[in-house]
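User: Hi! I am new to protein structures and would like to learn how to read one. Could you walk me through it?

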Amino acid sequence: MNSRFSLSSPATPPRKLRAGGAVIFTIALADAAFKYYAIHHLPDERTAELQSVLAFALHRNPGIAFDLPIPLAIVLPITAIICAAFTQIAYKHRSDNPRQALAALAAVIGALGNGLDRLINGFTTDYIILLQTSAINLSDVLILVGILGVLWYDKRNPSHRTARY
């Protein structure tokens, strides 16, 4: 019996799920490129003319969501714990609920993108300004879509609703 991994293995995710993973990684790479561009080329949001619903400017977020000023020494360990929990969800459901696993992976990749940004720059680089008040980046979108996907696909998975004895 050949113990090497085979592409025909039942554990291999379907083509659509592999494509979903590729999209997640592409978004994460685009986010890193946009963060670099924002730091080096975009005007600071305090000096930019933000007169539309959607604008692009540099916002340095020193804390977590909504600019809550939480020290980096607290944010990074919390990020690591949350990433570990979502990685466990992704691993646990890779076979029985692969869409939920993919959603968990999206949240982890987004959190790692923002965590790495905090580690390198001391802040999270946001570059999309919404309604002249909210600043986000693509990692934030991955996190939000990932969390909502985990909750959505958990609710839709019938195996979680049956009691196991």
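**Reading pockets and packed helices**

Analyst: Happy to! Keep in mind that this is a predicted model. Let's begin with empty space: the largest pocket has a volume of about 820 Å³.

User: How does one look for such a space, and which residues lie nearest the centre of the largest pocket?

Analyst: The general idea is that rolling a probe the size of a water molecule over the atoms shows where empty space is left. Here, 30 residues line the largest pocket, and Ile 64, Ala 65, Phe 66, Asp 140 and Ile 143 are the ones nearest its centre.

User: Which element gives the most to that lining?

Analyst: That is H2, which contributes six residues to the lining of the largest pocket. At least two lining residues come from each of these: strand E1 (54-61), helix H2 (72-92), helix H3 (98-121), strand E2 (124-130), strand E3 (134-136) and H4. By type, the lining of the largest pocket consists of 18 nonpolar, seven polar and five charged residues.

User: What is the volume of the second largest pocket, and what lines it?

Analyst: Its volume is about 310 Å³. The second largest pocket is lined by 16 residues, with Ala 32, Lys 35, Gly 113, Leu 116 and Asp 117 closest to its centre. H1 provides the largest share of this lining, eight residues, and both H1 and H3 supply at least two. The lining of the second largest pocket divides into 10 nonpolar, three polar and three charged residues.

User: Now to helices. How do I describe two that pack together?

Analyst: Two packed helices are described by the angle between their axes and the distance between the axes. Take helix H1 (residues 15-41) and helix H4 (residues 138-156): their axes come within 8 Å and cross at roughly 150°. An angle over 145 degrees counts as roughly antiparallel, so H1 and H4 are roughly antiparallel to each other.

User: Which residues make the contact between H1 and H4?

Analyst: From H1 come Ile 24, Ile 27, Ala 28, Ala 30, Asp 31, Phe 34 and Lys 35, while H4 brings Leu 138, Ser 139 and Leu 142. Seven residues of this contact are nonpolar, one is polar and two are charged.

User: One last residue: is Lys 155 buried or exposed?

Analyst: Lys 155 sits in helix H4. Exposed means over 50% relative accessible area, so Lys 155, at 63% relative accessibility, counts as exposed. Try finding Gln 100 too: Lys 155 and Gln 100 are 55 residues apart in sequence and 10.0 Å apart in space, C-alpha to C-alpha.

Notes. Residues numbered from 1 in each chain as written. Predicted model: local features only at pLDDT ≥ 70, side-chain atom pairs only at ≥ 80, totals over all residues. Heavy atoms only, no water. Axes fitted to C-alpha atoms, helices over the stretch in contact; angles between N-to-C directions. Helix = DSSP H or I, 4+ residues; strand = E, 2+ residues; numbered from the N terminus. Parallel < 35°, antiparallel > 145°, perpendicular 65-115°, else oblique. Contact = heavy atoms within 4.5 Å. Nonpolar A, V, L, I, M, F, W, Y, C, P; charged D, E, K, R; others polar. 1 Å grid on protein atoms, 1.4 Å probe; cavity = no way out; pocket = protein on both sides within 12 Å on 5 of 7 lines; lining within 4 Å. Points joined across faces, edges and corners; volume = space filled by probe spheres on them. Buried < 20%, exposed > 50% of the residue type's maximum accessible area, 1.4 Å probe, protein only.
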